[in-house]
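User: I would like to learn how to read a model of this kind, one feature at a time. Could you take me through it, giving the general idea and then the case at hand?

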Amino acid sequence: MKNIQPLLIVDDEIRVLDVLIKTFESDYVVLSANNGFDALEILRHSPVKVIITDERMPKMSGMAFLKEAKLIIPHTVNIILTAYTDLSVAIDAINSGIVYRYLVKPWDTDELRITIRQAFERFDLLNDNKNLTEELLSKNRELERNILELKETQDKLVRTEKLAVVGQLTASIGHELRNPLSRIKTAAALMKNEIREATSETDELLKIVDNEVMISTKIINDLLDFSRERKPSLKPCILNEIINGTLTRLRFPDYIHVEQELDETIPELYLDDGQIQQILVNLILNSIQSIDDSGKIYVKTMLNKEFVDLTIKDTGCGIPQSDLEKMFEPLYTTKPKGIGLGMSIVKMLVERHGGTIQVHSRENIGTTVTIKFPLKPIILEN
Ligand SMILES: Nc1ncnc2c1ncn2[C@@H]1O[C@H](COP(=O)(O)OP(=O)(O)OP(=O)(O)O)[C@@H](O)[C@H]1O
Ligand SMILES: [Mg+2]
């Protein structure tokens, strides 16, 4: 049966070329050329597997042709025909890896026939090896991807489990603590009214009670928010008033200077005032905690086309660029006593109000958090 494998024969002696073509045309698809240049042209258009070439040819030797051929089809298996006088060239060619076998002219037809058959077998073997290697590499890459996915899923699972535990624990503890806290807050306010001639010391003590109640409420609300979805109950509110209320109730260390710049032209917005206070307390506490000795915290609001921008900026320790994304992950904290819920809750509450949050930070310079609230009340899902 005729082999449909393509064989290229190159020889400058037409008589030799004719004999070779006649010998092999019944077994292979024979392509032929009587010089290296024409042979290279054939290679550009035909998927040749085996080449037989004469070494001694004018203008371009057999070896020079094979070197060029390698650039067009890199994996052909090559046989070179040489005269006895060119034997050293043939041996060098084999050592260089370009030539598979050499035959000395005049060749023995049976030997040439066997050599050509072996050359085709070698081509197929090398090709199979190449395909297997490629398949192996691609399977390896797939395996690496799967391992990575598995690790991500595992991490997610561990996080979800942690969150479930946090959720269960806090839902019950939070409820138990909320009522006593609100009674402490009311009692402190009543006490302030009772004591008509309060000294500045008593005033300061009552402020401490109020501040601590507010921080405890933040922690409880963060945890409760985390264990169940709480839809905001939107009412027309004046954002600046919520900010002023929060800022007067929070106690700032003496070494922190607070500045505020509130835009009076901001109209009423539909907000859940409790949740906005929670956002503010979370962000301002983070800023306070980021400042070690002296520093500043700026709170700014600004009407900005369809939105109201709320900016909280500090001159604290900042966040490394690589950790910026992580700060919104639940339970991510760098503080010995932190829970790591603050920022994830802030993001969730802002988004429930139809807003967006952005953080810019530079280590040892400070952090700026910008929240955009839409002017128009948003229609919440569900
Ligand atoms: N203003 C800030 N300056 C520097 N780092 C910050 C700032 N805000 C947040 N971070 C970093 O992001 C982390 C996560 O903040 P997040 O408020 O979510 O948790 P936390 O403050 O550690 O704990 P908590 O749940 O008590 O708020 C912080 O631990 C801190 O490393
Ligand atoms: Mg925090």
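Analyst: What follows is a walk through a predicted model, from its overall form to its sheets, its loops and its ligand shell.

User: How many helices and strands does the protein have, and is it spread out or a compact globule?

Analyst: The general idea is to set the radius of gyration beside the value that the globule rule gives for a chain with that number of residues. In this protein, whose secondary structure comes to 9 helices and 12 strands, the radius of gyration is 41 Å, well over the 21 Å that the rule gives for 382 residues, so the protein is more spread out than a compact globule. The span of the C-alpha trace along the principal axes is about 125 × 40 × 40 Å.

User: Which domains does the assignment give, and how far apart do the centres of domain 1 and domain 3 lie?

Analyst: The bounds come from an automatic or database domain assignment, and for this protein that assignment gives domain 1 (6–107), domain 2 (142–227) and domain 3 (229–374). Between the C-alpha centres of domain 1 and domain 3 there are 78 Å.

User: What is the strand order in the sheet with parallel pairing, and which strands are its edges?

Analyst: A sheet is read by listing its strands in the order in which they pair, and strands count as paired if there are at least two bridges between them. Here the order is 2-1-3-4-5 in an open sheet of 5 strands with parallel pairing, and the edge strands, each pairing on one side only, are strand 2 (29–33) and strand 5 (101–104). From one strand to the next, the twist averages 20°. Strand 1 (residues 6–10) and strand 2 run parallel and are joined by 5 bridges, and I9 has S32 in strand 2 as its bridge partner. Across strand 1, strand 3 (50–54) and strand 4 (77–82) lies helix 3 (residues 62–72), which runs at about 155° to strand 3.

User: And how is the sheet with mixed pairing ordered?

Analyst: This open sheet of 5 strands has the order 7-9-10-12-11, with strand 7 (256–261) and strand 11 (356–362) as the edge strands. Direction ignored, its neighbouring strands are turned by 10° against each other on average. Strand 11 and strand 12 (residues 366–374) run antiparallel and are joined by 7 bridges, with R362 standing opposite G366 in strand 12. Helix 7 (residues 239–249) packs on this sheet, where it touches strand 7, strand 9 (295–304) and strand 10 (307–314), and its direction makes about 165° with that of strand 9.

User: Which backbone details in the loops should I look at?

Analyst: Two backbone angles serve here, omega for the peptide bond and phi for the residue. The peptide bond from K105 to P106 is cis, with omega near -10°, and P106 is placed in the loop between strand 5 and helix 5 (109–194). K59, a residue other than glycine, has a positive phi, near 70°, and is found in the loop between strand 3 and helix 3.

User: Finally, how many residues surround ligand 1, and of which classes are they?

Analyst: A residue is taken as near the ligand if its C-beta atom lies within 6 Å of it. By that reading 22 residues surround ligand 1, the closest being S290, T333, G338, G342 and M343. Helix 8 (273–290) and helix 9 (342–352) are the elements that give two or more residues to this shell, and helix 8 has the largest share, 4 residues. By class, the shell holds 7 nonpolar, 13 polar and 2 charged residues.

Terms used:
Residues are numbered from 1 along each chain as its sequence is written. Chains are lettered from A and ligands numbered from 1 in the order in which they are written. This is a predicted model: local features need pLDDT of at least 70, side-chain atom pairs count only at pLDDT 80 or more; totals for chains, interfaces and linings use all residues. Ala, Val, Leu, Ile, Met, Phe, Trp, Tyr, Cys and Pro count as nonpolar, Asp, Glu, Lys and Arg as charged, and the others, Gly among them, as polar. Axes are lines fitted to C-alpha atoms, for helices over the stretch in contact, and angles run from 0 to 180 degrees between N-to-C directions. Two residues are in contact if their C-beta atoms, placed from the backbone, lie within 7 Å. The radius of gyration is taken over C-alpha atoms; the globule rule is 2.2 Å times the number of residues to the power 0.38.
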